[in-house]
Each structure stands twice: as C-alpha cells, then as structure tokens.
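Take a look at the chain shown here. This report goes through it piece by piece, from the overall picture to single residues.

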Amino acid sequence: MTDMIVTAQAQEKVILVGVCLGNEEETQMSLAELRELVRTAGAETVGIVMQNRDAVHPGTYVGKGKIEELKELLAATDADGIVCDDELSPAQIKNLREALDTKVMDRTLVILDIFAARATTAEGKIQVELAQERYRLSRLAGWGRSMSRLGGGIGTRGPGEKKLETDRRVIRERIGQLKRELAQIVQNRETQRMQRERASVKTVAIVGYTNAGKSTLLNTLTEAGVLEEDKLFATLDPTTRMLALESGQEILLTDTVGFIRKLPHHLVEAFRSTLEEAVYADVLIHVVDVSNPQMYEQMHICYETLDHLGVKDKKIITLFNKVDAVAEADDWRDFRADYTIMTSLKTGVGVDRCKACIEEILREDKRLVEKLFTYEEAGLIQEIRRNGELLSEEYRPDGIFVQAYVPAEIYGRIMKG
C-alpha cells in the first residue's frame, strides 16, 4: 500500500512598512491593525519598518535608506514580500518591486483578499470581484507582468483571479457585467425595502468598527448563528433576522460589514448597496469595543463612514461593549447617541436594556389607539400585534376593546377599521 504524502502550504511571511507623517502613536496603531489584517489573511508578520517623513515618497513610498534596510531585512527573515500600510500608486508598486525584487502589496490588497475569502453570498462575491477589478484596472501599469508572478498567498484569492496583462478593455467589460448583475440585486433589495415599508416593518441596523461585537449582538438577540471570531472581518455578508420585542412587535435586525481605518474606496463603492441598509434603517445600534485603546478613534471612523454614505438624522443606541475585558468602567461618552449602554454581549449584560431602548425609540413615532373592534375586524388586531404595541384587549359582547400604540403610517387604516 502506497503511503499518502500530505504537504501543508507554507505560511506566507511578510514585512510591514509604514510612513509616519507626524503622529507616531497613530502610525503604530495603524501598523498594529495591519498586522491583524495580515494574520486574518493567513500570513505571518516577520518584521515591521516605519519611516518618519514629511510626505510619502511619490516614487517608492519610503526613501532610499529604508529601501536598503528592507533589502537586508528581506534577506535576514526570508520574507516572501512586503505590505505597505497605505494604498500604493502603480508607479510605487513598480518601483518598489524593481528595487527589492520581491512581492509588493498594500493595505487595500490585503483587505480585498480577506473580503474575497469571506464572501459567501452571490451579492458578496459580486461586490468583492467588482472592487478587485477596479483596483487592478487602476494598477495595470504597476503590476507589469502577470498576476501569476505573485505565486500564492495574499492577493491571489477570490473570484477576481486573472492575469493582469489582460487587455484593459476585457477588464472594463467584466466590470460592466458585474455592475449590471449588482444593479439587479440592488433592485431586488429596493423592492424588498418597499415591501417592508408598506407592511410597516421597522428596521434596525447594527454598525461599528470591525471586531467590536456586532455579530455577537445579532446572535444574542436573534440566535442567528452568525460566525463569531476574534479576527477582523470575521463576517462579511450582511445578515438580517426577525426580532420579536417584549411588546410583541416584530422588527428586522441587520448586521452590516464592519468599518476600518483607511477603508478602500473601491470597497465603499462596491458595497454601497449593502452599507446603505444603515441609510434606510429606522434605528442604528453602534457597537464599540471599550477594551480597544483606540476606541474613540474607531468611533470617529465609524461616524465618518456613515456621514460619507449620507446617514443622518437617525436615532442611535451606542453599546459600549466588552466591559468585562477592562479593569474598571470609565466615563465613556458618545455625543451623537440618543442612548448609551454598558454591555458585555458575551455574558448578556445590557442586552435587555438594549431591547428596551429600541422599544422606547419606536414608541416615539407611535400613536395611541383606544378602540372597540368588531369580531369581523379581528385581523386588524393581529396587525397591531405585529407592527405596534398591544397594551390591553378586553373581550366584550359587541367586540374587542383594544388599547395600543401603533406606527403613524398605519394609524389611519386601523382607526377606519
């Protein structure tokens, strides 16, 4: 009997490269996050190089001295390539590859690679490939030779694997096809949204920095069974589940893709239809990881992204999550939030208060109904249960007397009977 020989794929080893333009602490935190991104993408960081500069070098990202330092570090660590902490221009990619004779990647490529590995739905895969093709089209000059020159590892995963000497026209045609496919999905999403509005179903979108605990919240509230993992972008595809509140009202709860610093604009545009769930939601739940020393920076990035998407005038519940992971509670604040709650979603602390706050917000737009419904109108009471808040019902010989709060958009229909 012949023995089977199993060979494990060697883990890719990379060196991280960052340019500090003044705020060293900020650059170090960004590089630490890049290290997590690289780990999530399946590679190992074997070195970190940072250079203080007034501006990024337009031709090679870093200066000549650091390029020499990188050559020595590449040889000493036997690294497979470098990952720069910013999005590189085609010229920078080309010049760095020629100077170092190694694989050159940037932060955007790593994020795209993670998205490619995590996308599971048809929409997610189309969005990722669209972002990849746009990224690659803008960098054809930088890649020069075929993508196969990269070998395996980061940047070679996903539906967008193609040789990059491919004619620009072919890539543009593929982009056009993907945009048409995505437009059809967006149209279907719009139809579903209109149906929800007609049925007066309220929606709540969960937003926040990646790995803050959004999927944990969705699972805790709805038993959705979404993957929870201590990695950046553990879940990519948005998940929507029905949640029955204590009052009996049913709402839709949607988990959106996590935000991150320097989120590639290719991704923001490709995932706009998904991210816009936050635009049309009635309430936002902003999940914040208080155990992260950069929590306020992450909050700022989250709101900056929401502003870019056009999200405004929304009621916001901010969950200061992972309080169990800090020594003692601080006076954390979010001036844009209507409610703030200290939570530990892993242990369930604050979950009931979160649901109560959702009810309080939804009640603001409801109107009081006190009416006697005939037994033939009992179907309207079922609608109140689904979309409103049934306070009491009294069965009388001539009908059912109901006290309830209902959304303003169905109040007229309920009162007409």
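Buried residues make up 52% of the 417 residues in this chain. Keep in mind that the model is predicted. The chain holds 15 helices and 13 strands. How do its contacts spread along the sequence? Take contacts between residues at least 6 apart in sequence: 69% of them join residues at least 24 apart.

## Helix α7

Start with helix α7, which covers residues 168-198. How far apart should its ends be? At 1.5 Å a residue, its 31 residues should span 45 Å. The C-alpha atoms at its two ends are 44 Å apart, so the expected span and the model agree.

Which residues of α7 are buried? They are Ile 171, Ile 175, Leu 178, Leu 182, Arg 189, Arg 193 and Arg 196. Three arginines are on that list: Arg 189, Arg 193 and Arg 196. After the helix comes Ser 200, with a positive phi near 60 degrees.

Helix α7 also carries a salt bridge, between Arg 169 and Glu 173. These two residues are 4 apart in the helix, so about one helical turn separates them. Glu 173 has a relative accessible area of 45%, which means it is partly exposed.

## Salt bridges

The count of salt bridges comes to 26. Three of the pairs are set out below, each with its closest distance from N to O.

| Pair | N to O distance |
|---|---|
| Glu 68 and Lys 71 | 3.5 Å |
| Arg 169 and Glu 173 | 3.0 Å |
| Arg 333 and Asp 331 | 3.0 Å |

Glu 68 and Lys 71 belong to helix α2, residues 64-77. They are 3 residues apart, about one turn of the helix. Are they buried or partly exposed? Glu 68 has a relative accessible area of 43%, so it counts as partly exposed. Lys 71 is partly exposed too, at 36%.

Now the pair Arg 333 and Asp 331. Arg 333 is partly exposed, with 45% relative accessibility. Asp 331 is also partly exposed, at 49%. The cut-off for exposed is over 50%, so Asp 331 stays in the partly exposed class.

Some salt bridges join up into a network. Its members are Glu 26, Glu 33, Asp 85, Asp 86, Arg 107, Arg 261, Lys 262 and Glu 297.

## Two helices that cross

Next, look at helix α14 (residues 378-387) and helix α15 (residues 408-416). Their axes come within 11 Å and cross at roughly 165 degrees. How do the two helices run relative to each other? An angle over 145 degrees counts as roughly antiparallel, so α14 and α15 are roughly antiparallel to each other. Their crossing is left-handed. On the α14 side, the contact is made by Leu 380, Glu 383, Ile 384 and Asn 387. On the α15 side, Ile 410, Arg 413 and Ile 414 take part.

## Positive phi in two loops

Most residues other than glycine have a negative phi. Tyr 61 has a positive one, near 70 degrees. Where is Tyr 61? Find it in the loop between β2 and α2. Its relative accessible area is 1%, so Tyr 61 is buried.

Lys 322 is not a glycine either, and its phi is positive, about 70 degrees. This residue is in the loop between β9 (315-321) and β10 (339-342). Lys 322 has 22% relative accessibility, so it counts as partly exposed.

## Two buried residues and their contacts

Strand β2 spans residues 44-52 and includes Thr 45. With 10% relative accessibility, Thr 45 counts as buried. Leaving aside residues up to four places away in sequence, what does Thr 45 touch? Its contacts are Val 14, Leu 16, Arg 35 and Val 38.

Phe 259 sits in the loop between β7 (250-255) and α9 (265-270). It is buried, with a relative accessible area of 1%. Phe 259 and Thr 210 are 49 residues apart in sequence, yet their C-alpha atoms are 5.4 Å apart in space. Beyond residues up to four places away in sequence, Phe 259 touches Val 207, Gly 208, Tyr 209, Thr 210, Leu 275, Cys 302, Thr 305 and Leu 306.

Definitions and conventions: Residues numbered from 1 in each chain as written. Predicted model: local features only at pLDDT ≥ 70, side-chain atom pairs only at ≥ 80, totals over all residues. Heavy atoms only, no water. Expected span 1.5 Å × (residues − 1). Buried < 20%, exposed > 50% of the residue type's maximum accessible area, 1.4 Å probe, protein only. Contact = heavy atoms within 4.5 Å. Salt bridge = Lys/Arg side-chain N within 4 Å of Asp/Glu carboxyl O. Axes fitted to C-alpha atoms, helices over the stretch in contact; angles between N-to-C directions. Parallel < 35°, antiparallel > 145°, perpendicular 65-115°, else oblique. Left-handed = near helix turned anticlockwise from the far one by under 90°.
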